[in-house]
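Q: Please take a close look at how one pair of helices packs together, and at the nonpolar core to which that pair contributes. A connected account for a newcomer would be welcome.

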Amino acid sequence: MATASQVLAVARKELGYQEGANNSNKYGAWYGMNNVAWCAQFVSWVAAQSGAASLIPRHAYTPAGAAWFQARGQWHTSPKVGDVVYFRFPLFIRISHVGFVESVRTDGTIVTIEGNTNFLGSRTGGGVWRKVRSRSLVAGYGRPKY
């Protein structure tokens, strides 16, 4: 059974990865649906590479991943290291981005590792980056049964 530490170790190795032209990236190629927004494909790829594929859903559509955790009673409002964090950005009604919780800070922010983001924190960026996020953007946390 995979652990949160194993999942995060795989995600950390991807930090700095950048997509090619037209959203081309190895996560989308692996998933079989390249050249699209790929944050959830990154989460799915990390899960597969770390042995957590049965604990984290394979998904490309962020609301579907959130629904998977909700249907299993694994949806939470407080973060823990290793959680899959789903974001709802301003101006978007639905969940529109996903990443991993790397750490939880005492000031209420979370440190994440996310695919398809950038230095500004866009939900449609071009690489894998570590971000510090306000919990105000968080829709909820999927908690794998590590």
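**The packing of α1 and α3**

A: In this predicted model, α1 passes α3 in a right-handed crossing. Helix α1 covers residues 4-13 and helix α3 covers residues 39-50; they pack at an angle of about 120°, and their axes lie 9 Å apart. Because angles over 115 and up to 145 degrees are neither roughly perpendicular nor roughly antiparallel, α1 is oblique to α3.

The contact itself is formed from the α1 side by Q6, V7, V10 and A11, which meet F42, W45, V46, Q49 and S50 of α3. By type, the residues of this contact comprise six nonpolar, three polar and no charged.

In soluble globular proteins, nonpolar side chains tend to be buried together. Here the largest nonpolar core contains 26 residues, and F42, V46, I56, V84 and F100 have the most contacts inside it. Two or more residues of this core come from each of α1, α3, α4 (62-71), β2 (84-87) and β3 (97-104). Helix α3 supplies the largest share, seven residues.

F42 deserves separate attention, as a residue of α3 that meets α1 and is among those with the most contacts inside the core. Leaving aside residues up to four places away in sequence, F42 touches A11, E14, Y27, F100, I113, E114, G115 and V128. Apart from the largest core lies another, of eight residues, including F87, I110, V138 and Y141.

Conventions:
Residues numbered from 1 in each chain as written. Predicted model: local features only at pLDDT ≥ 70, side-chain atom pairs only at ≥ 80, totals over all residues. Heavy atoms only, no water. Axes fitted to C-alpha atoms, helices over the stretch in contact; angles between N-to-C directions. Helix = DSSP H or I, 4+ residues; strand = E, 2+ residues; numbered from the N terminus. Parallel < 35°, antiparallel > 145°, perpendicular 65-115°, else oblique. Left-handed = near helix turned anticlockwise from the far one by under 90°. Contact = heavy atoms within 4.5 Å. Nonpolar A, V, L, I, M, F, W, Y, C, P; charged D, E, K, R; others polar. Core = buried A, V, L, I, M, F, W, Y, C linked by side-chain atoms within 4.5 Å. Buried < 20%, exposed > 50% of the residue type's maximum accessible area, 1.4 Å probe, protein only.
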